Amino acid sequence: MATFLYRLGRWAFVRRRLVTLLWVAVLAVCGVLAAKAPAAPDDGFAMPGTEAQKAFDLMNERFPGGHADGASARLVFVAPSGQKITAEPNQQAVERTVAELAHADEVTGAVSPFKAGTVSKDGTTAYATVSYSAKAGELSKGATDALEQAAQHGRDAGLKVEVGGNALMAKPEAGGSSEMIGMALSAVVLVITFGSLVAAGLPLLTAVIGVGLGMALITGLGSTLGLSSTTSTLAMMLGLAVGIDYAVFIVSRYRAELAEGRTPQEAAGRAVGTAGSAVVFAGLTVVIALAGLSVVGIPMLAKMGMAAAGTVVIAVLVALTLVPALLGFIGRRVLPRKARKGGVQPKKENGGSRWAKFVLRRPLAVLLGGVIGLGVLAAPALDLRLGLPGDESKPTSTTQRRAYDLLSEGFGPGFNGPLTVMVDVKGTPDPKAAASEVAKTVSALPGVVSVTPPMFNKAGDTALLNAVPATGPSAEETKDLVQTIRGHAAGLKTTTGATILVSGTTAMNIDVSQKLTDALVPYLAVVVGLAVVLLLVVFRSVLVPLKAALGFLLSVAAALGAVVAVFQWGWLANLIGVEQTGPVMSMMPIFMVGVVFGLAMDYEVFLVTRIREGFVHGEQPDEAIVTGFRHNARVVTAAAFIMIAVFAGFIGMGEPMIKMMGLGLAAAVAFDAFVVRMTIVPAVLALLGRRAWWLPRWLDRLIPDIDVEGGKLQTAAPEPAPARESVGV
């Protein structure tokens, strides 16, 4: 492989104008097609195989036109201090507000609390539910403006009015200030790392081109493949991350080859042949991790993973072709001015080699310190509770959180997460009696505050009833209650002939959390197993891939421990603006595994391939470790700092789930890059010595020799290349 990539790098360097023009043309064509492509449909959040999803699908079938998947708003009205909401002036203000909304855009229903009976026992609080035809995040501006104006009119009448539900949920948009801040921080780190504006700008430029092409393809193929706007979020984040990383390693190796006295053309070929081989296999590990999201069983996650994997493939192709082509224009200007004037730079000590020598002097102590430290940080993860935080986790500055608190005070916390019980009475001898028996059984269960009378569809074969729990949506007691109701389904089926299904937002969140929890181990097995096999081929070693996988699990566990400590236990929560503790987002473990595994294996491949390269070329094991760190530690550190800065920028966002993702990903990258790859890895390699590269003879014969270290390039004479274009100087 190294020989093929070497030829590719030299060809791209020489044919730089052609290569650059081709990439620009492809980007332009895809951009035009994306602009003309029809809008992609919303992919929703389906959970095939769960009871809540089955009930949801049956609800849409049996109650046509009911817009079960439409957005909803809950207007909470509180009377002025010392007054009742049922007082005539207050009641009239509530009625006017609800009537105003009933005629607003996209509203399918708005019922007065005095008709629906949604007034608190003490008469101070009432709420009205407003239903919409459009989905959450897709409401028109006119609809959301009407909702906010109606609430303000209620306030003008002297009432306290807050809006809960998902109607005001903003539609997530890719790009924005976070990415711009990340790019700016990346530029600063790269300038410090390379000491050259030209060298720092090249990875940023190629990363933007790769991400732009990926986004254009996702948009252009959106309607065909069902890729919505949410699909591109992960693709943009990872495409930018790996795009910068891969270009940085190619450029760094190119600079090293120039410093050893090679011509720019030869340096480009060798950079792509060696560092490019690492890029290919690092990219494959990321693709494996992202494509592995398909095993989770959530269509939206599978689409996000495949779209992001495609963007990573583009980043690899950009690094192997466009980067050496642009190096052809830059030539030796990629080096700092002093280096260009001074000619060949002799090898010297740097921070990476000094750190490697420190680890080599006391490898056992360093290894134990790193493992014990990560183990302590991972301890809180043993208390991990998963869920999908709702309005209760939002800042008190939001109207959704204030509405949640007012409902909890007036009606109890369970009113914020009622359970929808669907009773399928089709084929039963007495449908009404069957539905009444279900309602009676559910209302008698411990933890149920109230149950609404059954509401039948027009065909009379399906009934809905709402059960209000005594506890909030994310409480463990509510989860137990859902399981209890489902546990009575078999008995009710026997006695009444009716089929019972529990759904609603709360039940759906519980099912999502359970399905993601059940999928975590199979997902880890698939991703880690395939990656170990791939690294076995790359490093031709049994122990190095196992060490890489175990180190990754340590860093992820430590990052989850940090998330639990902050968001579930409340440690340092005020410092980052977390106002309410609760369960960890159910997607967090799988999402963190997929994203961090890819980045972690990037650092592993880039660092350890350079160590193995030194070993294969005749250095002693300890010397190879020092060589690898002297050449690549600085660049790996820079790449890690870039990722940490980008992820940490999300901690300042107002949305708690975004805060959680930012903290978790930033912590995971920090632990993996600096504790695992930069500390534990050299300590383990030092303790193992030559045994680190042990491979059984029978396995050595089976594994293809892909020459990822570029050993064949050491003896191969430089190939002549067409000199049709002058080299940049």
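1. A salt bridge is a side-chain nitrogen of Lys or Arg within 4 Å of a carboxyl oxygen of Asp or Glu. In this predicted model, glutamate 613 and arginine 610 pair in this way through their side chains, with an N to O distance of 3.9 Å. The two residues belong to helix α22 (residues 588–616), where they stand three residues apart and are therefore separated by about one helical turn. Both glutamate 613 and arginine 610 are buried.

2. This pair is also part of something wider, for salt bridges with shared partners link Arg610 and Glu613 with Arg253, Glu257, Glu260 and Arg262 in one network. Across the whole structure, the search finds 19 salt bridges.

3. A second pairing within a helix involves arginine 270 and glutamate 266, whose closest N and O atoms are 2.7 Å apart in a salt bridge. Both residues lie in helix α11 (residues 264–291), four residues apart, which is about one turn of that helix, and both arginine 270 and glutamate 266 are buried.

4. Another salt bridge, at 3.0 Å from N to O, brings together the side chains of glutamate 162 and arginine 402. Because glutamate 162 sits in strand β4 (residues 160–165) while arginine 402 sits in helix α16 (residues 399–411), the pair ties together parts that are 240 residues apart in sequence.

5. As for the surroundings of that last pair, glutamate 162 has a relative accessible area of 8% and is therefore buried, whereas arginine 402, at 32% relative accessibility, counts as partly exposed.

Definitions and conventions
Residues numbered from 1 in each chain as written. Predicted model: local features only at pLDDT ≥ 70, side-chain atom pairs only at ≥ 80, totals over all residues. Heavy atoms only, no water. Buried < 20%, exposed > 50% of the residue type's maximum accessible area, 1.4 Å probe, protein only.
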